Structure formats: C-alpha cells, structure tokens
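Here is a short tour to read alongside the structure. Please keep the viewer open and turn to each residue as it comes up.

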Amino acid sequence: MTTETNTAFEGFKDAFKNIQNLEVPEAAREFVKKTANTAKDRAAEAFAGSERVTAAVENAVAESVAEAGKISRNIQQAIYEDAEAFFSGIDKLASAKSISEAVEIQSSLLRSRGEVFVSRAKATADYLGNLAANGAKSAQDNFAKVYNKTA
C-alpha cells in the first residue's frame with residue numbers, strides 16, 4: 001500500500017518540483033511589459049489632468065479652501081506614486097524567469113509598499129496634529145478678538 005501511494009503521488013511531486021523552474025514565454029513577458037507601460041502612460045496623463053483640475057479649483061475658491069487643495073494634491077500624488085509603483089512592480093514581475101524569482105520580487109515589492117504606508121500614516125498623523133493645533137490657535141485668536149470687542 002505504501003509503495004502504491006508513493007508511486008501514485010510521484011507525478012504530482014515531480015510536477016510541483018519542476019513548476020519553480022517553469023519558463024515564462026518571452027511573448028507573454030513582452031505583452032505584460034507593453035500593457036503596463038501603456039497603462040503607466042495613461043496614469044501619468046490622468047495625473048496631469050487632475051493637476052489642471054485642482055489648479056482651476058484652487059484659483060476659483062477662497063483662501064480657506066487652499067488647505068483642501070493641498071490635501072487633494074497629496075492624495076493625488078500618493079495615488080499616482082502607488083500606480084507608478086504598481087506598474088513598475090508588474091514590469092519587474094514580467095521579467096521574472098521562474099516562479100521562485102517572481103515570489104522574491106513580490107515579497108520585496110510588498111515590503112517596500114508597507115514601508116511607504118507606514119511613512120504616509122506618520123506624515124498624516126503629524127499633518128492632522130499640526131492642522132488641529134493651528135485650528136485651535138486660530139479659534140482662540142478669533143475668540144479673543146470677539147471677546148475684546150464685547151468687553
């Protein structure tokens with residue numbers, strides 16, 4: 001029974017062992033690279049268009065909305081950077097010649113995106129802290145002006 005079981009699974013064992021060295025066809029890699037580059041170009045065009053829209057909005061509204069424009073730009077920049085990193089990652093993955101190389105590349109990409117996420121979270125917390133402090137200071141100043149006028 002044990003010998004029959006071992007021979008029954010021998011084919012699966014060989015298939016799983018050989019899948020790591022499976023060659024990705026050149027045509028498939030080129031197709032993925034071309035598609036990723038086209039999408040990357042379109043993301044850049046979309047980013048440029050959103051920049052123009054944001055600039056028009058900023059010029060049309062009062063100074064109090066300028067902060068919202070800054071936030072919008074930062075979000076747009078983050079989205080663009082994420083899209084660029086994604087397409088760059090696809091390009092790197094398309095260059096992988098084996099599954100194990102692709103796994104190594106993916107792990108590296110995930111690690112670097114995690115670091116970016118932590119960095120953005122810290123920057124956001126700092127920004128919101130400063131915004132709250134400045135808002136409180138502004139409210140205090142405005143309250144002091146109102147109070148001095150009524151006193």
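The report below goes from the overall make-up to the salt bridges, then to the pockets and one buried glutamine.

## Overall make-up

Please bear in mind that this is a predicted model. The protein has 151 residues, of which 11% count as buried. Its secondary structure consists of four helices and zero strands, so reading from the N terminus gives the order α-α-α-α. Two of these helices will come up again and again: helix 3, which covers residues 66–95, and helix 4, which covers residues 99–150.

Contacts that reach far along the sequence are well represented. Taking the contacts with a separation of 6 or more, 70% are between residues 24 or more positions apart. As for the outside, the accessible surface comes to about 11,500 Å², and carbon and sulfur atoms account for 62% of that area.

## Salt bridges between helix 3 and helix 4

Side chains of opposite charge can pair when their charged atoms come close. Searching the whole structure turns up six salt bridges, and Arg 120 is a good place to begin. Arg 120 pairs with Glu 81, with 3.2 Å between the closest N and O atoms. Because Arg 120 sits in helix 4 and Glu 81 in helix 3, this pair ties together parts that are 39 residues apart in sequence.

Arg 120 also meets the side chain of Asp 82 in a salt bridge, here with an N to O distance of 2.9 Å. Asp 82 belongs to helix 3 and Arg 120 to helix 4, so this pair links parts 38 residues apart in sequence. How exposed are the three partners? Arg 120 has a relative accessibility of 24% and counts as partly exposed. Glu 81, at 35%, is partly exposed, and Asp 82, at 31%, is partly exposed as well.

## A pair within helix 4, and a network

Another salt bridge joins the side chains of Asp 126 and Lys 122, with 3.3 Å from N to O. Both residues are in helix 4, and because they are four residues apart, about one helical turn separates them. Which of the two is exposed, and which is partly exposed? Lys 122 is exposed, with a relative accessible area of 55%, whereas Asp 126 is partly exposed at 40%.

Stepping back to the wider pattern, salt bridges that share partners join Glu 81, Asp 82, Arg 113 and Arg 120 into one network.

## The largest pocket

The largest pocket holds about 240 Å³ of space. Its lining is made up of Ile 71, Asn 74, Ile 75, Ala 78, Arg 120, Ala 123, Thr 124, Tyr 127 and Leu 128. Helix 3 and helix 4 are the elements that give two or more residues to this lining, and helix 4 has the largest share, with five residues.

What classes of residue make up the lining of the largest pocket? Six are nonpolar, two are polar and one is charged. Arg 120, met above as the salt-bridge partner of Glu 81, is among the lining residues here.

## The second largest pocket

The second largest pocket has a volume of about 150 Å³. The residues around it are Asp 82, Ala 85, Phe 86, Gly 89, Ile 90, Leu 93, Gln 106, Leu 109, Leu 110 and Arg 113. Helix 3 and helix 4 each supply at least two of them. Which helix gives the most to this lining? Helix 3 does, with six residues.

By class, the lining of the second largest pocket has six nonpolar, two polar and two charged residues. Asp 82 and Arg 113 both line this pocket, and both also belong to the salt-bridge network.

## A buried glutamine in helix 3

Finally, have a look at Gln 76, which lies in helix 3. Is Gln 76 buried or exposed? Its relative accessible area is 15%, and because buried means under 20%, Gln 76 falls in the buried class.

Which residues does Gln 76 touch, once neighbours within four places in sequence are left aside? Gln 76 is in contact with Phe 47, Ser 50, Glu 51 and Thr 54.

Terms used. Residues are numbered from 1 along each chain as its sequence is written. This is a predicted model: local features need pLDDT of at least 70, side-chain atom pairs count only at pLDDT 80 or more; totals for chains, interfaces and linings use all residues. Side-chain values use heavy atoms; hydrogens and water are left out. Buried means under 20% relative accessible area, exposed over 50%, partly exposed in between (1.4 Å probe, protein chains only). Contact means heavy atoms within 4.5 Å. A salt bridge is a side-chain nitrogen of Lys or Arg within 4 Å of a carboxyl oxygen of Asp or Glu. On a 1 Å grid over the protein atoms alone, a cavity is a set of points where a 1.4 Å probe fits but cannot get out, and a pocket is an open set with protein on both sides within 12 Å along at least five of seven lines; lining residues have an atom within 4 Å of a point. Grid points are joined across faces, edges and corners, and a volume is the space filled by probe spheres set on the points. Ala, Val, Leu, Ile, Met, Phe, Trp, Tyr, Cys and Pro count as nonpolar, Asp, Glu, Lys and Arg as charged, and the others, Gly among them, as polar. Accessible areas come from the Shrake-Rupley method with a 1.4 Å probe; for residues, only the protein chains shown count as cover.
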